[in-house]
Amino acid sequence: MSFFTLLFSFFINAQDSIPATVDAAEKNNIEFQQLFFKALSDKAIFNYQKAIQSLEKCNSILPNNKAVLFELSKNYEKLGRNPEALSYIDLALKIEPTNVWLLEHKVFILRKLADFDSAILAQQKIAATYPKKKQLLVFLHLQNNDVKSAKKVLTELKEAKLLTARLRTIEKKINARKTTEDSPKKITENLDVKSLFEKEKSYSNLKTLLDKLAADNDADLLKYSEQGLALFPAQPFVYLMNGKALNNNKDYKKALETLQNGIDFVIDNNEIKTKFYMEISRAYQGLNNIKKANSYKSKAKKILK
């Protein structure tokens, strides 16, 4: 009798424990979902630190969840804490190494960290599955001061008929590089900065020259910014000055083209991005596209706030 009493008691206890376990799992699942959606809501209103707090709680409930790790990375990046952002995206990629969204986010962070070698490797993984995404490799190689590799990728894209209008323009600038470098050095007498650049065509000399020409509203801004594009095809400042010169000459369509090419090289620099938006707005204004002009002016003002 005592044996059956013990067995019955064990059976009742076992039955009680099953719903308790189920209830605990369900409770955790509900809490996880609430915290995750709260994190998304906080991120949407730019409250990145609160979003991170909710996501860390999610991570303690359900460790190594790809979506949570991805969101942690995105929020840390928004706070400018790029090493932490990179750490979390790498954890997510351990779970799914070929996920294109994760890889693209990693490339974005690596560009902000100016780790172009690693960014190129990650982008090559993406391009292996999505050949069209090889286009970004041109910009990455140029930012890495590797013109030879950029030209090689441009050739591959041309053969695959994947060369965009922007890349065709960049290809022309790169091909003009040798002509510019080999042209006879002319010493101009008007300004010392011009003479200095003609004698030594370094980027620092060019920047000093372009700053001076822009401040003086000098017509030579177009000439020297064109030379600069051939010599330094990955420097956004040169594109900005060339776009400014073209706007000054009322060549708005060409200005828009060069500004759109150049803004692709801007990384984590709100000051220069604002200047690009203002010049793009000016180009659209010249083309009588008021809606676009106002849109880019608003983007510039939003950054300045």
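The following dialogue considers selected residues and the largest nonpolar core of a predicted model.

Student: Is Asn261 buried, partly exposed or exposed?

Tutor: Asn261 lies in helix 14, which covers residues 252-263. Its relative accessible area is 0%. Buried means under 20% relative accessible area, so Asn261 is buried.

Student: Which residues is Asn261 in contact with, leaving aside its neighbours within four places in sequence?

Tutor: Contact means heavy atoms within 4.5 Å. With neighbours within four places in sequence left aside, the contacts of Asn261 are Phe139, Arg166, Thr169 and Tyr239.

Student: Which helix gives the most residues to the largest nonpolar core?

Tutor: The largest nonpolar core has 80 residues, and those that touch the most other members are Val138, Leu142, Leu167, Ile170, Leu210 and Phe276. With seven residues, the helix that gives the most to this core is helix 13.

Student: Which residues does Phe276 touch, not counting those up to four places away in sequence?

Tutor: Phe276 is among the residues that touch the most other members of the largest nonpolar core. Not counting residues up to four places away in sequence, Phe276 touches Pro236, Tyr239, Leu240, Leu259, Gly262, Ile263 and Val266.

Student: Is Asn248 buried, partly exposed or exposed?

Tutor: Asn248 is placed in helix 13. Its relative accessible area is 32%. Buried means under 20% and exposed over 50%, so Asn248 is partly exposed.

Student: What distance separates the C-alpha atoms of Asn248 and Asp218?

Tutor: Asn248 and Asp218 are 30 residues apart along the chain. The separation of their C-alpha atoms is 9.9 Å.

Methods: Residues numbered from 1 in each chain as written. Predicted model: local features only at pLDDT ≥ 70, side-chain atom pairs only at ≥ 80, totals over all residues. Heavy atoms only, no water. Helix = DSSP H or I, 4+ residues; strand = E, 2+ residues; numbered from the N terminus. Buried < 20%, exposed > 50% of the residue type's maximum accessible area, 1.4 Å probe, protein only. Core = buried A, V, L, I, M, F, W, Y, C linked by side-chain atoms within 4.5 Å.
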